[in-house]
Amino acid sequence: MNSRNNLPSSTPSTPVLTSRLPAVGTTVFTRMSTLAAQANAVNLGQGFPDFACERSLLQAVNDAMQADFNQYPMMTGAPVLRQAIVAKIAAIYGHQYDVDTDITVTAGATQALTTAILCCVHPGDEVIVIEPSYDSYVPAITLAGGVPVLVQMEAGAQGYTVPWSAVAAAVNGKTRLIIINTPHNPTGSVLRAADLQALADIVRGTDVLILSDEVYEHMVYDGQRHESVCRHPELAARAFVVSSFGKTYHVTGWKIGYVAAPAALSAEFRKVHQYNVFSVNTPMQHGIASYMADPKPYLELPAFYQRKRDLFREGLQHSRFELLPADGTYFQCVRYDKISTQTEAQFAEWLTTEIKVAAIPVSAFYQQGKESGIVRFCFAKKDETLALALERLGKV
């Protein structure tokens with residue numbers, strides 16, 4: 001006779017799951033955006049525009065749907081879009097990728113980044129991550145079984161710079177990948193030609209690969225040019241280069257990006273890509289391809305965002321915030337040590353709840369939460385949104 005303890009429970013139970021990402025919780029972007037909504041604050045935290053995209057882009061997508069481009073596209077992306085990408089890269093950066101073997105359309109840049117990491121990083125491989133860094137890099141490395149090796153940027157009077165000697169010192173026989181991000185989120189810094197040459201010197205003669213996150217490629221200011229890895233043949237030969245239509249065309253919710261890589265790297269990338277998303281929204285691919293026939297929207301983007309950057313910087317010029325250089329992206333970092341001794345997270349929460357302007361603590365972009373007394377604002381907003389935020393921040 002079975003004892004009472006051996007009888008099946010009347011209450012169903014969920015088995016215990018061992019997390020693949022035990023250190024990961026809700027992202028700081030979600031937390032701050034939620035807090036901003038609760039506090040009715042101007043949200044300069046999460047990086048997305050509060051203004052609309054061009055109506056002609058929407059029309060191009062609508063036309064594609066009406067033309068019955070509504071079934072699965074090719075796994076690698078609609079040929080017409082891949083051709084447009086190849087043409088754009090060749091025109092701007094002078095590098096000729098093969099439309100069939102080298103370009104893959106992705107479900108946003110984060111999927112491209114994760115897929116690139118998963119396709120080349122094996123358990124025990126080391127991946128150099130330059131901090132502060134976009135928050136998806138390290139979790140993707142962890143999922144691949146890789147080991148993140150963290151090198152911190154240096155912050156001085158001229159803003160953030162990469163200490164290439166420290167990067168070189170971190171490279172060893174286990175190094176599989178170096179991740180770079182230019183223009184850089186969250187610091188707003190950009191890599192120069194000398195930086196790419198330093199990187200090339202480091203990886204020359206090794207089998208180390210490069211993952212270049214260039215989603216803000218068209219947001220570089222003050223007459224500077226974006227130094228894409230595509231411009232550097234030695235680096236392009238070993239690199240996955242990632243970009244984002246969402247960032248370029250003000251449609252972050254569409255989640256469409258791409259990766260450009262040599263055929264041998266793309267072949268491995270596509271093996272993973274076909275089993276985690278397979279393909280990407282068909283009418284949007286055709287609509288974007290049609291829209292790309294006119295290069296003006298991305299060629300004029302630097303001036304568009306530089307005006308907003310300058311408006312925002314001018315509005316804070318006489319405040320107690322110390323402006324750091326903002327050479328690229330649509331982010332502005334500021335020091336607040338003349339205002340408060342709070343931690344970055346505490347100060348960001350105080351700004352959101354009391355001043356009614358949301359920001360992101362830069363400490364959230366470090367694995368160990370380094371405190372520098374710096375928060376990040378996003379200026380990809382309507383002028384009236386920025387004006388309201390500046391009015392409030394000017395009272396701090």
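Is Asn 43 buried or exposed? Asn 43 is buried, at a relative accessible area of 19% (buried means under 20%, exposed over 50%, partly exposed in between, with a 1.4 Å probe and protein chains only).

A word on the model: it is predicted, so local features need pLDDT of at least 70 and side-chain atom pairs count only at pLDDT 80 or more, while totals for chains, interfaces and linings use all residues. Residues are numbered from 1 along each chain as its sequence is written, and side-chain values use heavy atoms, leaving out hydrogens and water.

**View 1. Around Asn 43.** Look past the neighbours within four places in sequence, and Asn 43 is in contact with Ser 33, Ala 36, Ala 358 and Lys 381 (contact means heavy atoms within 4.5 Å).

**View 2. Domain 1 beside domain 2.** The domain assignment, automatic or from a database, gives domain 1 (28–47 + 297–394) and domain 2 (55–293). Their centres, taken over C-alpha atoms, sit 25 Å apart. Here 28 residues of domain 1 are in contact with 35 residues of domain 2.

**View 3. The salt bridge of Arg 309 and Asp 222.** In this pair, the closest N and O atoms are 2.9 Å apart (a salt bridge puts a side-chain nitrogen of Lys or Arg within 4 Å of a carboxyl oxygen of Asp or Glu). Between domain 1 and domain 2 the count is two salt bridges. Elements giving two or more residues to the side of domain 1 that touches domain 2 include helix H13 (301–316) and strand S12 (331–335) (DSSP runs numbered from the N terminus: helices are H or I, at least four residues; strands are E, at least two). H13 brings the largest share, six residues.
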